[in-house]
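Reader: I'd like a close look at one part of this protein: the salt bridges, and what sits around them. Could you walk me through it in one go, and then take in the pockets as well?

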Amino acid sequence: QRVQMTFRKERQRGRNCGTYGTPGFIAETMVEDVLNALKAGGHSTAQILDLSAEAGQFPVTFLAHSGSFDSIRFYAVDQDATAVSVTDRIVRFARNGRGSASFELRLTRRDSLVDALPSSWPSQFSAVVGNPPWKVLLGATGEELQRRYASHLDLCRYDAYLAFIARAHNLLPPGGLLSYVIPSAFLFNCGAASIRRLLLENYDILNLRIYPQRSFVELPCMIPVSFLAKKRERNSQGSCVTEVSYHRTHLGGANRPRSSHQLCGADLWTRLPGYVFNPCASLKAEFLLADLSGNQLIEWGKLIGGAHLGRLRQRKPPCDFVGVHARHIRSFHVCLRNAADYSRDTARFERPPDIEWVTSRKVVIQELRYMTHRDRLVAGVAGPGICAVSTAMMFLPDNPSHCDFFAALLNCHVANAWYKLRDVSRSVKLAHLRCFPVPYERGVWDRVSALARDCKRLRMKFHRSVHVCTVANEREFLRRRFPREFRMLLDCRHVIEEEIFGLYRLSASQRAVVQELSMIRMF
């Protein structure tokens, strides 16, 4: 028997509502996790709720695994009549093929976040699962939900899936399970801090699953994650070990992590700024949270975002300058080959640069960094006449002669590990970087500055010899094309790392932790 469905153009969903079909391998993983946790808790029956039914991926998957349970009652909600109809038809068709008497589906069409559930349904459930919409809520809808979930949605701009987590929290008893698939931005972004805190204070995070890019065909650049959390008894303390695993699939490229490990998530995540769910955090890296000495970076100069191009407000800059974006910045090198020239007569800036930003010697830093990149901080020195724009930021030391030292510092393992422990979002956050501790020791600063200038000279030699500075597999390319000079660059960087390790008085074991965290790929 074959089922054929045709959708009109207006039924093509995706970005308009933030709803995307859950890939089968993700639904399978989440359902197996939930059922295994229920079995471990001694349950032979379960009442499962999905607040965003979509096309029935989760009820169909639970149906396929229902044989080992005496009874599974699945309750699905969606305000889209077509989604409810499709879910009903697909589950009926799948059930005809299996004939499972232990599975029952109940559906309703209503707003999951605002409307009450049907009076005949349970008030609480064994588990809440699903794939809530990935869409920023604005306007009247966003304001209404913010009032309804005021204690958990503390920003004017937030993603819909955060409200779904807050709603699910109210529908789970102690011992209840919560499992959602969401974008990896949830682990780090500022808007989700209150929800992460809610989870850490009320749940044991049993696992965190990380899936590769291209898992969702509609969002090829998005990295999805799922979590399984068990609600604790009131006032009980969490001491659960969290399993962190990277789904083993051919998607995502050869360099994507495929390992799994365990960590005491609640012990460390609660101590990180914004309660970030950092997959690579570990207790052995605790010293990076508080034990580094030195004045904060902001006490050594000005850390500022670059000039911002804009459409709504278009203002002129105070002078002509060369604009450097993230794509023009390499470690110790700013490639001006394709940088943009901005004229004082061109009105293109929502936030034009100050004259000081242009005329000063400065360190320019990539502000936009994709989460799949190993290094979180990449910096180079830029002279007068150059200014960071949009995807780049700047650090202007109070003493311009220290630019080379700060460029080396921001490229080193210590700075990258320190920052990576706090954030792996798409953009580098100035609020975090301002707090980076920097100790002073004149001899070390002078030696590191000299080595940084050597690195810059070697980079310039590469620049003059190749037609483009941004190349795939850069290390292998430079090793083959410039074997002697590349070896010299590596030697310089190694000495810089040793000098900075000494500056921070790190032990051998601490140095190993810093180097591992700095070089690891998070996604």
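Author: Let's start with D404, which counts as buried at 4% relative accessibility. This is a predicted model, so keep that in mind throughout. D404 pairs up with R453 in a salt bridge, and the closest N and O atoms are 3.3 Å apart. R453 sits in helix α13 (residues 442–465) and D404 in helix α10 (residues 403–411), so the bridge ties together parts that are 49 residues apart in sequence. What about the arginine end, R453: buried or exposed? Neither, really: R453 has 36% relative accessibility and counts as partly exposed. The cut-off for buried is under 20%, and D404 falls under that because its value is 4%.

Now compare a couple of other pairs. K302 and E356 make a salt bridge with their closest N and O atoms 3.0 Å apart. Here a strand meets a helix: K302 belongs to β13 (residues 301–305) and E356 to α9 (residues 355–359), with their positions 54 residues apart in the chain. K302 is partly exposed at 40% relative accessibility, and E356 is partly exposed too, at 34%.

Then there's R73 with E104, whose side chains meet in a salt bridge at 3.5 Å, N to O. This one runs from strand to strand, with R73 in β2 (residues 71–78) and E104 in β3 (residues 103–109), 31 residues apart. R73 is partly exposed at 33%, and E104 is partly exposed at 29%. The full count for the model comes to 26 salt bridges.

Some bridges share partners: D33, R209 and E243 are joined that way into one network. D33 is worth following, as it is one of the buried residues of helix α1. Others on that list include I26, A27, M30, V31 and L38. The helix itself covers residues 24–40, 17 residues in total, and reaches 24 Å from its first C-alpha to its last, close to the 24 Å expected. Just after α1 comes G42, with a positive phi of about 85°.

R209, from the same network, also turns up among the contacts of S245. S245 lies in strand β10 (residues 242–246) and is buried, with a relative accessible area of 10%. Leaving out residues up to four places away in sequence, S245 touches L208, R209, I210, S259 and S260.

On to the pockets. The largest has a volume of about 1,400 Å³. It is lined by 43 residues, and R330, R374, D375, E474 and R475 are the closest to its centre. Which element gives the largest share of the lining? That's α15, with nine residues. At least two residues each come from β16 (329–330), α11 (413–422), α14 (474–481), α15 (483–503) and α16 (508–519). By residue type, the lining divides into 14 nonpolar, 15 polar and 14 charged.

The second largest pocket holds about 780 Å³ of space. Of the 25 residues lining it, P183, A185, M222, M371 and R426 are the closest to its centre. Its lining splits into 13 nonpolar, seven polar and five charged residues.

Definitions and conventions. Residues are numbered from 1 along each chain as its sequence is written. This is a predicted model: local features need pLDDT of at least 70, side-chain atom pairs count only at pLDDT 80 or more; totals for chains, interfaces and linings use all residues. Side-chain values use heavy atoms; hydrogens and water are left out. Helices (H or I, at least four residues) and strands (E, at least two) are DSSP runs, numbered from the N terminus. The expected span of a helix is 1.5 Å times one less than its number of residues. Buried means under 20% relative accessible area, exposed over 50%, partly exposed in between (1.4 Å probe, protein chains only). Contact means heavy atoms within 4.5 Å. On a 1 Å grid over the protein atoms alone, a cavity is a set of points where a 1.4 Å probe fits but cannot get out, and a pocket is an open set with protein on both sides within 12 Å along at least five of seven lines; lining residues have an atom within 4 Å of a point. Grid points are joined across faces, edges and corners, and a volume is the space filled by probe spheres set on the points. Ala, Val, Leu, Ile, Met, Phe, Trp, Tyr, Cys and Pro count as nonpolar, Asp, Glu, Lys and Arg as charged, and the others, Gly among them, as polar. A salt bridge is a side-chain nitrogen of Lys or Arg within 4 Å of a carboxyl oxygen of Asp or Glu.
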